[in-house]
Amino acid sequence: MSAELIDGRLIADYYRERLQESISELKANDVTPGLAVILVGDNHASHTYVKMKRKACSKLGIHSELYQFQESLTQEELVGKIEELNELDHIHGILVQLPLPQHINPITIIETISPSKDVDGFHPVSIGKMVTNQDTFYSCTPLGIIKMLEYEKIDIKGKHVVILGRSNIVGKPAGQLFLNRDATVTYCHSKTANLTDYTKKADILVSAVGKAKLIGAGDIKKGAVVIDVGMNRDEAGRLCGDVDFESAREAAGKITPVPGGVGPMTITMLLYNTVKSARWQLENRQKR
Ligand SMILES: Nc1nc(=O)c2c([nH]1)NC[C@@H]1CN(c3ccc(C(=O)N[C@@H](CCC(=O)O)C(=O)O)cc3)C=[N+]21
């Protein structure tokens, strides 16, 4: 048996076309969705990601502004910049690319972003609303995964979802979004004993650990859906996920590749959240 591929680029394109319609509507009301991207220091991967995000914006007609700072930027200066952006009506989303330099506390920075512009879904207000199942900005990677499964018409209700990894930006919110859709969720992490006992029970297995070839055919229940969030480099320097794709596809029913799986969906959900923010701003203005 060989698993069916879940094509993240194709699905991302599908959702981007839907977004295009919302953007046209907004523009007819004189609103152009605007995203401010803040990049501090010169982490190579961060530059690549920021470039991809801005290119995706420009393709859809979303306005984007890049604020690039040296590593030496102080936390106070960054807070000041975010406070300025919070006040600007043409900026609907503020994204501070992570990781930040050591001397800047990411929690302080995230809490400075207005919850109404928190398109990453990292602010405690957004997290709290997500946990209580209210409408808010949901973190982009978890939301992208859910939208991928919806596109593929994969049921979530009552399914056993096993999440590998408990980061604040992927593992934890991903589990929560699945729980909100009536899945039974198990979180595994670096201290989990006998990991395979858990992964083998998953109907949907989500790996967000950052370890190449962590998961192979022997770790997967026959026919399971395998979602690979890993962004690693193999011995040859090629981008690869947490899943040993060639092995895993012998057991899985459906599987996402890296690249071309979750990554493009993450970026699409950033666009989605920016458009959602612009729509909210317009609705609030029309109410007044
Ligand atoms: N505030 C903040 N928000 C983020 O959303 C955020 C962040 N910081 N810091 C870093 C991570 C990482 N991330 C990715 C997004 C898309 C791809 C992606 O599209 N990857 C392509 C391949 C890219 C390549 O070739 O290098 C793919 O999987 O097909 C990857 C990684 C967003 N992040």
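# Notebook: a two-domain predicted model

**Entry 1, overall size.** I started with the radius of gyration: for 288 residues a compact globule would come out near 19 Å, and the protein has 19 Å, so the two agree. I then looked up the extent of the C-alpha trace, which spans about 55 × 40 × 35 Å along the principal axes. I also checked burial, and 41% of the 288 residues count as buried.

**Entry 2, how far to trust it.** I am reading a predicted model here. The mean pLDDT is 97, and 100% of the residues reach 70 or more. By element, strand S7 (residues 204–207) has the highest mean pLDDT at 99, while strand S9 (residues 232–233) has the lowest at 95. I also noted the model scores, ipTM 0.94 and pTM 0.97. A general reminder to myself: coordinates should not be read in detail where pLDDT is low.

**Entry 3, parts list.** I counted ten helices and eleven strands. The protein is divided into domain 1 (29–114) and domain 2 (140–263). I looked up the distance between the C-alpha centres of these domains and got 28 Å. For contacts with a separation of 6 or more, 69% join residues 24 or more positions apart.

**Entry 4, the six-stranded sheet.** In which order do the strands of the open sheet run? I found S1-S11-S8-S7-S5-S6, with parallel pairing. Strand S1 (4–5) and strand S6 (184–188) stand at the edges with a single partner strand each, so one side of each has no neighbour in the sheet.

I followed both edges inward. At one, S1 pairs with strand S11 (residues 254–255) in the parallel sense over two bridges, and Glu4 has Lys254 as its bridge partner in S11. At the other, S5 and S6 are parallel and joined by five bridges, with His160 partnered by Thr184 of S6. S5 itself is mostly covered, since four of its five residues are buried.

**Entry 5, S2 and S4.** Next I went to strand S2 (residues 34–40), which runs parallel to S4 and is joined to S4 by four bridges. Ala36 has Ile94 as its bridge partner in S4. Is S4 covered on one face or on both? Both faces are covered: Gly93 and Leu95 are buried on one side, and Ile94 and Val96 are buried on the other. That fits the general pattern for a regular strand, where side chains alternate between the two faces of the sheet.

**Entry 6, the nonpolar core.** Which members of the largest nonpolar core touch the most other members? Of its 76 residues, they are Leu205, Val206, Val226, Ile227 and Ala248. Helix H10 (residues 262–287) supplies the largest share of this core, nine residues. Domain 1 (29–114) and domain 2 (140–263) both give residues to the core, so it lies between them.

I picked Val226 for a closer look. Not counting residues up to four places away in sequence, Val226 touches Leu205, Ile220, Val243, Ala248, Ala252 and Ile255. Two of these names, Leu205 and Ala248, were already on my list of core residues that touch the most other members.

**Entry 7, two partly exposed residues.** I looked up Ala56, which is found in helix H2 (residues 44–60). Is Ala56 buried or partly exposed? The residue has 19 other C-beta atoms within 10 Å, and buried needs 20 or more, so Ala56 is partly exposed. Leaving out residues up to four places away in sequence, Ala56 touches Ile267 and Leu271. I also took the C-alpha separation from Ala56 to Val162, 106 residues apart along the chain, and got 31 Å.

Ile156 was my second pick, in the loop between helix H6 (140–151) and strand S5 (160–164). Ile156 also has 19 other C-beta atoms within 10 Å, so this residue is partly exposed. Beyond its neighbours within four places in sequence, Ile156 is in contact with Leu149, Phe178, Arg181, Asp182 and Ala183. Its C-alpha atom is separated by 9.0 Å from that of Thr184, 28 residues apart along the chain. Thr184 is the residue I met in Entry 4, as the bridge partner of His160.

Methods: Residues numbered from 1 in each chain as written. Predicted model: local features only at pLDDT ≥ 70, side-chain atom pairs only at ≥ 80, totals over all residues. Buried ≥ 20, exposed ≤ 12 C-beta atoms within 10 Å, placed from the backbone. Pairing = 2+ DSSP bridges. pLDDT = per-residue confidence, 0-100. Rg over C-alpha atoms; globule rule 2.2 N^0.38 Å. Contact = placed C-beta atoms within 7 Å. Core = buried A, V, L, I, M, F, W, Y, C linked by C-beta atoms within 7 Å. Domains from an automatic or database assignment.
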